[in-house]
Amino acid sequence: MCTLTSRHRTQGERERCENKLQLTSLLFNLLLPVLECVCVCVACERRHQWELLIKGATSDHLTATMDSENDVYDDMNLYITQENFIVEPNGQNELLIIGRLDKVTRVQAKTTQLTNLRPTRRICGILGSIHLLSCDYLLVATHRIFVGVINNTIVWRLAGYDIIPYIPNAIQRSENEEYLSMLRKTLDTKFYYFSYRYDLTQTLQRQRELSAKSRGAGLLQRADVRFVWNNYVLQQFRCDKMERFQLPLVLGFVSINQVQINGQTFFWSIITRRSVERAGTRLFCRGSNDLGHVANFVETEQIVEFNGQHTSFVQTRGSMPFYWHQLPNLRYKPRPCLVPGKDHLAACAAHFNEQIQIYGQQVAVNLVDQKGAEGELEATFARLVRELGNTSVRYEAFDFHHECRKMRWDRLNILIDRLAHEQEDFGFYHAFDNGNLVSTQTGVFRTNCIDCLDRTNVVQSMLARRSLTAVLQKLGVLHVGQRVEQASNNFESIFKGVWADNADLVSLQYSGTGALKTDFTRTGKRTKAGALNDGKNSLIRYYLNNFADGVRQDGIDLFLGNYKINENEGSILPSPLMAQRGWRYFAFPSVLLIAVAMFIITMTYPAEFNTENLLFMLFWGAMIAVSATGILHYGVEFVQWPRLFPLISFQPA
């Protein structure tokens, strides 16, 4: 693997790098899909990047597509002067000039603006601009990782960024450093993806439907704003002719694989897109809002490219579409409950009306438990769908944990059989490269569990496998009656691994840890090692959801523009970062620490065990029990809550 960097300046170094890249390309042909080639924005990158494409399309065609007038610039020099940021796309005759003092953004023809200037650094994308307390900040992409090629276009993963202040020596307040830390935490989330030409936010079917309307529009302008995570910071640039400088980011998962079955080679890809609407962390973001936007809404598209044809199968997942919450309180599994006084039917109707408009018919697959607290939510969801009376929405409940108890995971086939008729009716999108349309997908399966993570991913992978069998049979890759899981052990391993990786990434972005039950996704069966790994992830989730997700939620709200900073925070107006805590927050932990210390001292260093020592031990043991019980009883006061949009308030100590 060769990484191109700005240090490759001499001709000899460039030639050696070129030879390594040629060798890497050869190995990629032989060992697909093992290759992961890292390309950092650099002087020699543009010269070599097309050598990395192994897709059947000619390099001439690929180069031609990159020269399209609507493509985002992929290789730029950033000049930083006292007055301006100047962005120079390599090989182009225009400049983006961003005023550091007046904040005016303009695109100009390149004439003499760069005379006597040397570039500060190379960048591979403009991500946006955001206002914090001290000044505005420019966000740029500095590093990227090659993911693969889809529809003859490279897809990259964001691997590095920089946050540059407009005013370099602005007075920094402690609150501003905290806002910067939140922003970095959000941008460090694994993983953001982008392409300079391919619209990662739109499914193949939506791209076709929008092609006539969006002709001539920039990549950001034709994107689905539900899935553009830097849309807010990009909109801060109010400038004509800036389309080619605006690089949209998608948060989710992308995997592109060249595979072979029955001697036929094709490309199989998964693109998962997380929505920015009601985005948040696991326990702080549940249910629906007034607009029908639900927490953890994710769209997953399975794409096959073969012999001048491409197909697409889309599924969605999202929290149950009514008002409910599950706020952390230090208990291992807080009880989920309905929010009283809300119009649940209106929220549910708003959600499904939007989903039907975008995707067509809906089958709501609900995998939550049908007893206990989850059972109350399941009954509410079923009742709301009945009350909707919409013939385009069907409700299918399946108690995942009950049906698959005692490792009976084969019983998932009961659910898949129930959905088989609708899956055949919905079909999949199928078209030729020349534009001829064969079929479209007329509906989706909308799957959920409590988190829309672990159980949901297992079922979605099974539906995707069934769709893939139908697709490959229609394309002639599989024989009539042959199933994809039986055709190639190598592909079956790839399929399971990719869907398990998808589960881990979506879970990491929402809950902070990898997914549970991925041993079944990877191997097709539950294992003791998988159960132990689930236990470890569950404990990590418990800690993060109670003691770390408040800051993560704040970072998401800041980056997406849900919270806009007021310049007077911390002076005229109170700062939201100065959260008040009640007296119990300090008292109970202090008593607990002292009691534990004294109990250990009393037990470890007695001159002799007598009645007095025993009484001391009993006293400090009782203090441990009382303080621990108090912490658990008032657990909500010890949780790290979001501060920008506080969900709960406390009386100051």
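Helix α11 is followed by Gly476, a residue whose phi is positive, near 85 degrees, in what is a predicted model. The helix itself comprises the 22 residues 454–475, and because a rise of 1.5 Å a residue leads to an expected span of 32 Å, the separation of 31 Å between its end C-alpha atoms agrees with that expectation. With regard to solvent, α11 is mostly covered, given that 18 of its 22 residues are buried.

Turning to charged side chains, the count of salt bridges comes to 34. One of these joins Glu301 and Arg273, whose side chains meet with an N to O distance of 2.7 Å. This pair links distant parts of the chain, as Glu301 belongs to strand β13 (residues 298–306) and Arg273 to strand β12 (residues 264–274), with their positions 28 residues apart in the numbering. Both partners, Glu301 and Arg273, are buried. Neither residue stands outside a wider arrangement, for Glu301 and Arg273 are members of a network of salt bridges in which Arg206, Asp224, Arg226 and Glu299 are also linked.

A salt bridge within a single helix is provided by Glu387 and Arg383, for which the closest N and O atoms are 3.2 Å apart. Both residues lie in helix α8 (residues 372–388), where they are four residues apart, or about one turn of the helix. As for their accessibility, Glu387 counts as partly exposed because its relative accessibility is 43%, a value between the limits of 20% and 50%. Arg383 is likewise partly exposed, with a relative accessible area of 32%.

A further salt bridge is formed by Asp554 with Arg643, the closest N and O atoms in this case being 3.9 Å apart, a distance that is within the 4 Å cut-off applied to such pairs. Asp554 is located in helix α16 (residues 549–559), whereas Arg643 is found in the segment after α18 (611–633), so the contact ties together parts of the chain that are 89 residues apart in sequence. Asp554 has a relative accessible area of 0% and is therefore buried. Arg643, at 18% relative accessibility, also counts as buried, because the value is under the 20% cut-off.

Technical notes:
Residues are numbered from 1 along each chain as its sequence is written. This is a predicted model: local features need pLDDT of at least 70, side-chain atom pairs count only at pLDDT 80 or more; totals for chains, interfaces and linings use all residues. Side-chain values use heavy atoms; hydrogens and water are left out. Helices (H or I, at least four residues) and strands (E, at least two) are DSSP runs, numbered from the N terminus. The expected span of a helix is 1.5 Å times one less than its number of residues. Buried means under 20% relative accessible area, exposed over 50%, partly exposed in between (1.4 Å probe, protein chains only).
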